[in-house]
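Here is a quick briefing to read with the model open beside you. It goes topic by topic, so dip in wherever you like.

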Amino acid sequence: SIDSNGNEMVFRDVWTDEWFGSYVKHVADRHIFTGYRDKDGKPLNKYGPADPITLGQLAKVATILSAKPVTGNTSGNQWFVPYVDAAKATKISVFLSTFDPLAAASRGQVVQSILEAMKITPTDTSTSYTDVPASSPFFKAIATATKLGIVSGDTDEHGKATGKFRP
């Protein structure tokens, strides 16, 4: 895949035979995920599949999905600031209150942000996940994303659903 600067993106920590490999390729080909970069914005060819997504990274994903224009410096230690500003301007709810952009995003926050960025209103009110109570602020988003096939819960080693989502 090629990034927006014409550089070939090769994630050295993602193999095509991993269960997530085709999904990473899909989002990389669309420039939704671009992997880690150094302080000057140069690709490090690292995706970080075991790393949690931070709220700053989620702001970038939501901004790209919403097609909101970004202005400001998107390189260096505070690269996420223009994306956070754009996510706030787009009214992505996760970013409307005070938060630490370097903190890990919960799966519920990720799902809520993606749906809002794609202009999908969470309306579903039923799910079979045993760890997503109806009182969760992300309940409807998780239920809606599951119904649409955007997300699924955990499976065991045989591929059978465990009933857990880990919101």
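In which helix is arginine 107 found? Arginine 107 is found in helix α4, where helices are DSSP runs of H or I with at least four residues, strands are runs of E with at least two, and both are numbered from the N terminus. Keep in mind that this is a predicted model, with local features needing pLDDT of at least 70 and side-chain atom pairs counted only at pLDDT 80 or more, while totals for chains, interfaces and linings use all residues. Residues are numbered from 1 along each chain as its sequence is written, and side-chain values use heavy atoms, with hydrogens and water left out.

**Salt bridges**

- The structure holds four salt bridges, each one a side-chain nitrogen of Lys or Arg within 4 Å of a carboxyl oxygen of Asp or Glu.
- As background, side chains of opposite charge can pair when their charged atoms come close.
- One of the bridges joins aspartate 29 to lysine 25, at 2.7 Å from N to O. These two sit four residues apart in helix α1, so about one helical turn separates them.
- Aspartate 29 is partly exposed, at 31% relative accessibility; the scale here is buried for under 20% relative accessible area, exposed for over 50%, and partly exposed in between, with a 1.4 Å probe and protein chains only.
- Aspartate 154 and arginine 107 also pair up through their side chains, at 3.7 Å from N to O. That pair ties together distant parts of the chain, with aspartate 154 in the segment after α5 and arginine 107 in helix α4, 47 residues apart.
- Aspartate 154 counts as buried because its relative accessible area is 19%, whereas arginine 107 is partly exposed at 29%.
- Arg107 and Asp154 belong with Arg166 to a network of salt bridges.
- Aspartate 124 meets lysine 147 in another salt bridge, at 3.4 Å from N to O. Here too distant parts of the chain are linked: aspartate 124 is in the loop between α4 and α5, lysine 147 is in helix α5, and their positions lie 23 residues apart in the count.
- Is aspartate 124 buried or exposed? Aspartate 124 counts as buried, at 16% relative accessibility, while its partner lysine 147 is exposed at 64%.

**The loop between α4 and α5**

- Methionine 118 is found in this loop, which runs between α4 (107–117) and α5 (139–147). With a relative accessible area of 41%, methionine 118 is partly exposed.
- Met118 makes a nonpolar surface patch of about 270 Å² together with Leu148 and Ile150. Patches are made of residues with over 30% relative accessible area and no salt bridge, joining like charges within 9 Å and nonpolar side chains (Val, Leu, Ile, Met, Phe, Trp, Tyr) within 5 Å. The areas come from the Shrake-Rupley method with a 1.4 Å probe, and for residues only the protein chains shown count as cover.
- Lysine 119 is in the loop between α4 and α5 as well, and at 65% relative accessibility lysine 119 counts as exposed.

**Positive phi angles**

- Most residues other than glycine have a negative phi.
- Lysine 119 has a positive phi, near 60°, and is not a glycine.
- Asparagine 45 also has a positive phi, about 55°, without being a glycine. Look for asparagine 45 in the loop between α1 (21–29) and α2 (55–66).

**The second largest pocket**

- Its volume is about 210 Å³, taken as the space filled by probe spheres set on grid points that are joined across faces, edges and corners.
- A pocket is an open set of points on a 1 Å grid over the protein atoms alone, with protein on both sides within 12 Å along at least five of seven lines; a 1.4 Å probe is used for cavities, and lining residues have an atom within 4 Å of a point.
- Twelve residues line the second largest pocket, and Met9, Phe11, Val14, Thr16 and Lys25 lie nearest its centre.
- That lining divides into seven nonpolar, three polar and two charged residues. Nonpolar covers Ala, Val, Leu, Ile, Met, Phe, Trp, Tyr, Cys and Pro, charged covers Asp, Glu, Lys and Arg, and the others, Gly among them, are polar.

**Distances across the fold**

- Valine 61, in helix α2, is buried with a relative accessible area of 5%. Its C-alpha atom is separated from that of alanine 87 by 9.3 Å, with the two 26 residues apart along the chain.
- Arginine 107 and lysine 39 are 27 Å apart, C-alpha to C-alpha, and 68 residues apart in sequence.
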